[in-house]
Amino acid sequence: MKTPSLDQDEPEESVRMNPSQLRSEISVLGDIVYLDAASVCPSPQHVLRAVEAYNRDCPFNYGVGVFAKSMDAARRVDEARASIAGFVGAGDAREIVFTKNTTEAINVVAASVELTAGDEIILTSLEHQSNILPWLRRAEKSGARVQYVEPDANGLIRPAAVEACLSKRTRLVAITHVSNVIGIIQPVTDIAQMVKRASAKVFVDAAQSGGRVPIDVRAIGCDFMVFCGRKSLMGPQGTGFLWGRLEELDRLCPLNIGSRSADLIDSHQWKFTATPHRFEAGVLNTAGVIGLGAAAELLKRIGLDRILQHNRALTARMVEGLASIDGVTIHGPSGTEHQAGIISWSVEGRGAHDVARALDQGGAVAVASGPQGSALAMRHLGVREVVRSSVHYFSSEQDIAALIDGVERIARRA
Ligand SMILES: Cc1ncc(COP(=O)(O)O)c(C=O)c1O
């Protein structure tokens, strides 16, 4: 069968890729049983073609040249920004700030959002350390205080638990949309509604949910949301972005300053350019953001509801299969009602890296192992490390069967 492409003259129906068609677009996966989608999802051909076309046809800077090929590069970047804005439901493409990863996007906000001594920031113990460290440093500098909310037995951060921590001094709540350890989709819309009533800001880390879960930033009602390009968005390495309400972005002070983000007025005076450019000092990762725009288009055409449904069904099989093996413990909730496709587990008597290596050697099964940059989540689960298996739309039932088969053999030998 012809692999669907997203070329403009293709009718929409023919680009509704199914999972195996998407997989065949990612040649590097070959015969690997790839279950580490929460770390990286290699880009499909559609994304690689957009990157290659830029590099071949107009590998020039964004926003300076006026010659035709430079304008062509600028048009592709503007289109990527608009595609990404549409993908997350932003009202205005100016609300999309390109960054090199999620961590940088978090730092942009944490470094300058309004905070003074005695103010409070609420985090959760499910956060990746990239959504803890920038806040801790800012708290140290500003004299603000950080508090943590714990998830319930279902891995959910309950709005009531956040509410219990709110005070008159709470300025911001930063929460992960989907935990990189237990894969649970958090009720960020309910949390945002409640936090906004208390006049605090809501910051959502969508590093894992972007590309896995339908997202509409306006409907969620948060102030900032940060995304990773290389994970489930299937964009190029070194890409990410920050979405913020325009008025909130305008209140922040960019981390970097230089060409494009500011203009010299005379030898001692300068002024910032407008949002989003004032956050994007220097030359962009032009090829990367164009690839990310193409990835957003591809995901939109596949449909986030279909992706979520597929990933949830595979996760249910993974949980059922692994839970039936003697000596395997699934960490976190075993229900898959709120799952986005990421689970963590361990095999009694075997270290996480040891299990991951044995899976790789025994059948080219690729999983993640270790604390996943989430020491507080490990402490919450009562472990030091985990094996993590995560799926995406290109994953198949055969992948899950190979994982279960491999873990069964490892557990028997443990
Ligand atoms: C939930 C979460 N937040 C933040 C990050 C950091 O992302 P990046 O490597 O894009 O900076 C990760 C990376 O694994 C993550 O899973």
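User: Is Glu-52 buried, partly exposed or exposed?
Analyst: This is a predicted model, and the accessibilities are computed from it. Glu-52 has a relative accessibility of 48%. The exposed class needs over 50% and the buried class under 20%, so Glu-52 counts as partly exposed.

User: Which residue meets the side chain of Glu-52 in a salt bridge?
Analyst: Glu-52 lies in helix H2 (residues 45-57), and its partner lies in that helix as well, 4 residues apart, about one turn of the helix. The N to O distance is 3.6 Å, and the cut-off is 4 Å, so the pair counts as a salt bridge. The partner is exposed, with a relative accessible area of 54%. The residue is Arg-56.

User: How many residues apart are Asp-119 and Arg-169?
Analyst: Asp-119 forms a salt bridge with Arg-169, and the closest N and O atoms are 2.7 Å apart. Asp-119 is in the loop between helix H4 (102-112) and E3, while Arg-169 is in the loop between helix H6 (159-165) and strand E5 (170-176). The pair links distant parts of the chain, 50 residues apart.

User: Which residue of the pair Asp-119 and Arg-169 is buried?
Analyst: Arg-169 has a relative accessible area of 32%, which makes it partly exposed. The other residue of the pair has a relative accessible area of 2%. Buried means under 20%, so the buried residue is Asp-119.

User: What is the N to O distance in the salt bridge of Arg-158 and Asp-152?
Analyst: Arg-158 is partly exposed at 38% relative accessible area. Asp-152, at 24%, is also partly exposed. Their side chains meet in a salt bridge with an N to O distance of 2.6 Å.

User: Which residues are joined into one network by salt bridges that share partners?
Analyst: By the rule used here, the count of salt bridges comes to 24. Where salt bridges share partners, they join residues into a network. One such network holds Asp-72, Arg-75, Arg-76 and Glu-79.

User: With which side chain does the side chain of Asn-131 make a polar contact?
Analyst: Asn-131 lies in the loop between strand E3 (120-124) and helix H5 (133-142). Asn-131 is buried, at 0% relative accessibility. Leaving out residues up to four places away in sequence, Asn-131 touches Ile-106, Leu-123, Ala-174, Ile-175, Phe-203 and Asp-205. The polar contact of its side chain, at 2.8 Å, is with the side chain of Glu-127.

User: Is Arg-260 buried or exposed?
Analyst: Arg-260 sits in the loop between helix H9 (246-251) and strand E9 (262-266). Arg-260 is not a glycine, yet it has a positive phi of about 75°. Its relative accessible area is 19%, and the limit for the buried class is under 20%, so Arg-260 is buried.

User: What is the phi of Ala-364?
Analyst: Ala-364 is found in the loop between helix H12 (352-363) and strand E13 (365-366). At 29% relative accessibility, Ala-364 is partly exposed. Although Ala-364 is not a glycine, its phi is positive, at about 50°.

User: Is the peptide bond from Thr-275 to Pro-276 cis or trans?
Analyst: Pro-276 is placed in the loop between strand E10 (269-272) and helix H10 (286-302). The omega of the bond from Thr-275 to Pro-276 is near 5°. The bond is cis.

User: How far apart are the C-alpha centres of domain 1 and domain 2?
Analyst: The protein chain is divided into domain 1 (68-300) and domain 2 (304-413). The contact between them takes 30 residues from domain 1 and 29 residues from domain 2. Their C-alpha centres lie apart by 28 Å.

User: Which residues in domain 1 lose the most area to domain 2?
Analyst: The size of an interface is often given as the accessible area lost when the parts come together. Domain 1 and domain 2 bury about 2300 Å² between them, with 61% of it on carbon and sulfur atoms. Three residues in domain 1 together account for 30% of what that side buries: Val-181, Ile-182 and Arg-212.

User: How many residue pairs are in polar contact across the interface of domain 1 and domain 2?
Analyst: The side of domain 1 that touches domain 2 has 16 nonpolar, 11 polar and 3 charged residues. Across the interface the rule finds 0 salt bridges. For residue pairs in polar contact, with both residues at pLDDT 80 or more, the count is 14.

Key:
Residues numbered from 1 in each chain as written. Predicted model: local features only at pLDDT ≥ 70, side-chain atom pairs only at ≥ 80, totals over all residues. Heavy atoms only, no water. Domains from an automatic or database assignment. Contact = heavy atoms within 4.5 Å. Buried area = accessible area lost by both parts, 1.4 Å probe. Polar contact = N/O pair within 3.5 Å; in protein donor to acceptor, adjacent residues only side chain to side chain. Nonpolar A, V, L, I, M, F, W, Y, C, P; charged D, E, K, R; others polar. Helix = DSSP H or I, 4+ residues; strand = E, 2+ residues; numbered from the N terminus. Buried < 20%, exposed > 50% of the residue type's maximum accessible area, 1.4 Å probe, protein only.
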